[in-house]
Amino acid sequence: MDRRTFLKVSALGAGVAIAPMMLLNRGGALAAPINFDAPLSVPPLLEGRIEQHKRVFELSLQNGSSEFVPGYQTPTFGINGAYLGPVIRARKGDRVAISVRNQLGEPSTLHWHGVKLPGDMDGGPHQVIAPGEIWRPEFMIDQPASMQWYHSHAWHRTGEQVFKGLAGLFIIDDDQSDGLGLPNEYGVDDIPLVLQDRSFNRDGSFRYVAGMHQRMAGLLGNVMLVNGTVGPHLHTSKTRTRFRILNGSNARIYNLAFDDQRPFQQIASDGGLLAEPVTLSRIRLAPGERAELVVDIKGGEEVFLQHQPMSLPGGGMMMAMTAGIDAAAFDILRITSSATDVSGLPALPRRLATLPPLPSSPRGVSRQFVLDTQMMVGSTINGKQMNLQRIDHKVVLGEEEVWEFVNRSPMPHPMHIHGVQFRVLSRNGHLPAKNEQGIKDTVLIHSDEVVRILASFDHPASSRFPYMFHCHNLEHEDGGMMGQFTVEHLA
Ligand code: C2O
Ligand code: CU
Ligand code: CU
């Protein structure tokens, strides 16, 4: 069989490979060949305009229609377009002013995931933008070069609104990273990849169901979209490419690798550059997490970025299936190269960033968060489900704290904290892997695992607009696996 037309899809995470060469839904609702010859869509860059020393952006949340599968129109949500949004690009030190107009016909919000800003600019579930209204957040870019993202955080509707397309990327530049000689020509050798799995109904519309099963496991689709492209192909004229990857899926966890197991280097995690490049041949990415990879592909080569099977600590195959991880490999992106610059590629710099060493015994407040799943209730944190009226924690502005996540549930949870970028101190008492020692805002907690993180709370959030902490499995989040905290001066 021609491997280009070979796609294994699985029915709702059951790990069952079904008819290759077809794009199929459960029950065969929609069928079309996947050839991996659709040019990868690259989201447009939005660099804003400078007005009164501010970088000004205009966003519009809107309805659209997208042809993901030839011959089928899918009603979608987008930002300044039919599906997903532009890449907002700003520099460290910029004062950014954004107007967000809601033309969806339903309430929404827009949250700047990973961007360090005050609670009243954060776009959480309290900051509803009613249909027809405009929300105008303003904030300083006060963090290193990195790829953040933005998405709907609507109360009980985040999963569905993100599924329909309300998400986009937010790239931050700074002088330090500009000087490193990393690939940085957007759309040429610096390519964003938004990974999303989706399901379709027979009429081509998205199939978003949030029943009991999805509330437990999260919603898994059976068709891969990369930047909204089904069966994507990227042709490059350069040998060295930087991929900025976002797992923008509602619940699916990827174990990314190239089909020939070629090594690549991870240069950045959620919050910015790693201290030094880490050579890997596979990388796990949970919903909400980002990773920047640099890979060399010579002229004439063809490689596939894939999901490959992975084993989970503390859980066998059965666990993996309920945990949003496919037991079967599938293709995500085909890459071909016509590069001629084969020789003379310089090695990446040995030092990328200066990160403070991880303290072995950090002082300060520590808090524990027990993650659990209760039958008929759903996922809980410290036995509780999200309540918009309840503040769960009060953090003192400027303090450093250790947060400990203990996962007593049978499945993994990618935990995310607003308002900070943190460091992972330990997994079950051991130092995390090298590529997890950088700056992060989302960390996967496996079943039976204890993960400790260190965060410094430098931005304020009041009880009116508190920060959220939650599982980034969006069905878990909507199902109540979320809490709120304030960050304020000592009274
Ligand atoms: Cu990416 Cu609270 O969200
Ligand atoms: Cu966030
Ligand atoms: Cu979860």
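This report describes two copper sites, a nonpolar core, a buried strand and the open and closed spaces of the structure above, which is a predicted model.

**The copper sites**

The copper ion (ligand 2) is held by two histidines, His-111 and His-416, each of which offers its NE2 atom, and the coordination is at 1.9 Å. His-111 belongs to strand E10 (residues 111–113) and His-416 to strand E31 (residues 413–417), so this pair ties together parts of the chain that are 305 residues apart in sequence. Because its relative accessibility is 1%, His-111 counts as buried, and His-416, with a relative accessible area of 1%, is buried as well.

The copper ion (ligand 3) is coordinated by His-413 through ND1, by Cys-471 through SG and by His-476 through ND1, at 2.0 to 2.1 Å. Along the chain, the donors of this ion follow the spacing H-x57-C-x4-H. Distant parts of the chain are again linked, since His-413 sits in strand E31 and His-476 in helix H5 (residues 474–478), 63 residues apart. Both of these histidines are buried.

The table sets out the two sites.

| Ion | Donor residues and atoms | Distance |
|---|---|---|
| copper ion (ligand 2) | His-111 (NE2), His-416 (NE2) | 1.9 Å |
| copper ion (ligand 3) | His-413 (ND1), Cys-471 (SG), His-476 (ND1) | 2.0 to 2.1 Å |

**The nonpolar core**

In soluble globular proteins, nonpolar side chains tend to be buried together. The largest nonpolar core of this model has 28 residues, and those that touch the most other members are Leu-193, Leu-195, Phe-243, Leu-256, Ile-332 and Leu-333. Strand E26 (residues 330–337) gives the most to this core, with four residues. Leu-333 offers a view of the surroundings: leaving aside residues up to four places away in sequence, Leu-333 touches a set of residues that includes Phe-36, Leu-40, Leu-193, Pro-232, Phe-243 and Val-303, and His-233 is also one of its contacts.

**Strand E36**

Two residues of strand E36 can be followed in some detail. Gln-484 lies in this strand, which covers residues 482–488, and Gln-484 counts as buried because its relative accessibility is 0%. Its side chain makes a polar contact with the side chain of His-126, at 2.6 Å.

Gly-483 is found in strand E36 too, and, because its relative accessibility is 2%, Gly-483 counts as buried. The C-alpha atom of Gly-483 is separated by 7.4 Å from that of Gln-385, although these residues are 98 places apart along the chain. Not counting residues up to four places away in sequence, Gly-483 touches Ile-381, Met-386, Asp-392, Tyr-467, Met-468 and Phe-469.

**Cavities and the largest pocket**

The model contains four cavities of 30 Å³ or more. The second largest cavity holds about 40 Å³ of space, and its lining includes Trp-155, His-156, Thr-158 and Met-386, together with Glu-477, Asp-478, Gly-480 and Met-482. Met-386 therefore appears both in this lining and among the contacts of Gly-483.

The largest pocket has a volume of about 520 Å³. Of the 27 residues that line this pocket, Pro-144, Leu-355, Pro-356, Arg-423 and Ile-439 are the closest to its centre. Helix H2 (175–178), strand E22 (272–280), strand E32 (422–427) and strand E34 (450–456) each supply at least two residues of the lining, and the largest share, three residues, comes from E34.

Note on methods: Residues are numbered from 1 along each chain as its sequence is written. Chains are lettered from A and ligands numbered from 1 in the order in which they are written. This is a predicted model: local features need pLDDT of at least 70, side-chain atom pairs count only at pLDDT 80 or more; totals for chains, interfaces and linings use all residues. Side-chain values use heavy atoms; hydrogens and water are left out. Donors are N, O and S atoms within 2.8 Å of the metal (3.2 Å for Na, K and Ca); water is not among the atoms, so sites may look incomplete. Buried means under 20% relative accessible area, exposed over 50%, partly exposed in between (1.4 Å probe, protein chains only). A nonpolar core is a set of buried Ala, Val, Leu, Ile, Met, Phe, Trp, Tyr and Cys residues joined through side-chain atoms within 4.5 Å. Contact means heavy atoms within 4.5 Å. A polar contact is a pair of N or O atoms within 3.5 Å; within protein, one must be able to donate a hydrogen and the other to accept it, and residues adjacent in sequence count only if both atoms are side-chain atoms. On a 1 Å grid over the protein atoms alone, a cavity is a set of points where a 1.4 Å probe fits but cannot get out, and a pocket is an open set with protein on both sides within 12 Å along at least five of seven lines; lining residues have an atom within 4 Å of a point. Grid points are joined across faces, edges and corners, and a volume is the space filled by probe spheres set on the points.
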